[in-house]
Amino acid sequence: GDQGKAVRIACLNNAAACYLKLNRHKKVVQYADQTLKLEPNNVKALFRKGCAQRALEQFEEATATLSRAAELDPADTNIKTELARTDKELKKFRYGW
């Protein structure tokens, strides 16, 4: 039921957080994606996935993921900071500056 789903989401999200701390970015994306299948608007999962995508140099994907998180939680300064960092890295990657 709903309680089981909530527990599953919490576990998947916690696993993503742990893998992010361990710099296991592909695992972060996997667990975040599993969370997002169950709860597509989960801001924490979107944020962690975006951070991992940036670390994997998937800058365009990271920008899209983090933009979605920012839409859902416009007050979150961590999301804004990560989005700005990703945007800067994307420009550097594309244009060399």
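1. A residue counts as buried when its relative accessible area is under 20%. His25 comes in at 14%, so this residue is buried. The model is predicted, and the value is computed from it.

2. His25 sits in helix H2. Beyond residues up to four places away in sequence, His25 touches Leu20, Ala52, Ala55 and Leu56. Of these partners, Ala52 is itself among the buried residues of helix H3.

3. Helix H3 covers residues 43-55. What span should its 13 residues have at 1.5 Å a residue? The expected figure is 18 Å, and the end C-alpha atoms of H3 are 18 Å apart, so the two agree.

4. Both flanks of H3 deserve a look. At its start, a side-chain oxygen of Asn42 reaches to within 3.2 Å of the backbone nitrogen of Lys44. After H3 comes Glu57, with a positive phi near 60 degrees.

5. H3 is mostly covered, with 10 of its 13 residues buried. The set includes Val43, Ala45, Leu46, Gly50 and Cys51. Charged side chains appear in the list too: Arg48, Lys49 and Arg54 are buried. Gln53 is another buried residue of H3.

6. Which helices do the buried residues of H3 pack against? They pack against helix H1 (2-21), helix H2 (25-38), H4 and helix H5 (77-95).

7. Next, the pair H4 and H5. Two packed helices are described by the angle between their axes and the distance between the axes. Here the axes come within 9 Å and cross at roughly 160 degrees. Angles over 145 degrees count as roughly antiparallel, and H4 and H5 are therefore roughly antiparallel to each other. Their crossing is left-handed.

8. Which residues form the contact between H4 and H5? On the H4 side they are Phe59, Glu60, Ala62, Thr63, Leu66, Ser67, Ala69 and Ala70. On the H5 side they are Ile79, Glu82, Leu83, Thr86, Glu89, Leu90, Phe93 and Arg94. As background, an α-helix has 3.6 residues a turn, so residues three or four places apart point the same way.

9. Ala70 gives a close-up of this contact. The residue lies in helix H4, residues 59-72. Leaving aside neighbours within four places in sequence, Ala70 is in contact with Ile79 and Leu83. Both partners are listed on the H5 side of the pair. Arg85 is 15 residues from Ala70 along the chain, and their C-alpha atoms are separated by 14 Å.

Methods
Residues are numbered from 1 along each chain as its sequence is written. This is a predicted model: local features need pLDDT of at least 70, side-chain atom pairs count only at pLDDT 80 or more; totals for chains, interfaces and linings use all residues. Side-chain values use heavy atoms; hydrogens and water are left out. Helices (H or I, at least four residues) and strands (E, at least two) are DSSP runs, numbered from the N terminus. Contact means heavy atoms within 4.5 Å. The expected span of a helix is 1.5 Å times one less than its number of residues. Buried means under 20% relative accessible area, exposed over 50%, partly exposed in between (1.4 Å probe, protein chains only). A polar contact is a pair of N or O atoms within 3.5 Å; within protein, one must be able to donate a hydrogen and the other to accept it, and residues adjacent in sequence count only if both atoms are side-chain atoms. Axes are lines fitted to C-alpha atoms, for helices over the stretch in contact, and angles run from 0 to 180 degrees between N-to-C directions. Angles under 35 degrees count as roughly parallel, over 145 as roughly antiparallel, 65 to 115 as roughly perpendicular and the rest as oblique. A crossing is left-handed if the near helix is turned anticlockwise from the far one by less than a right angle, and right-handed if clockwise.
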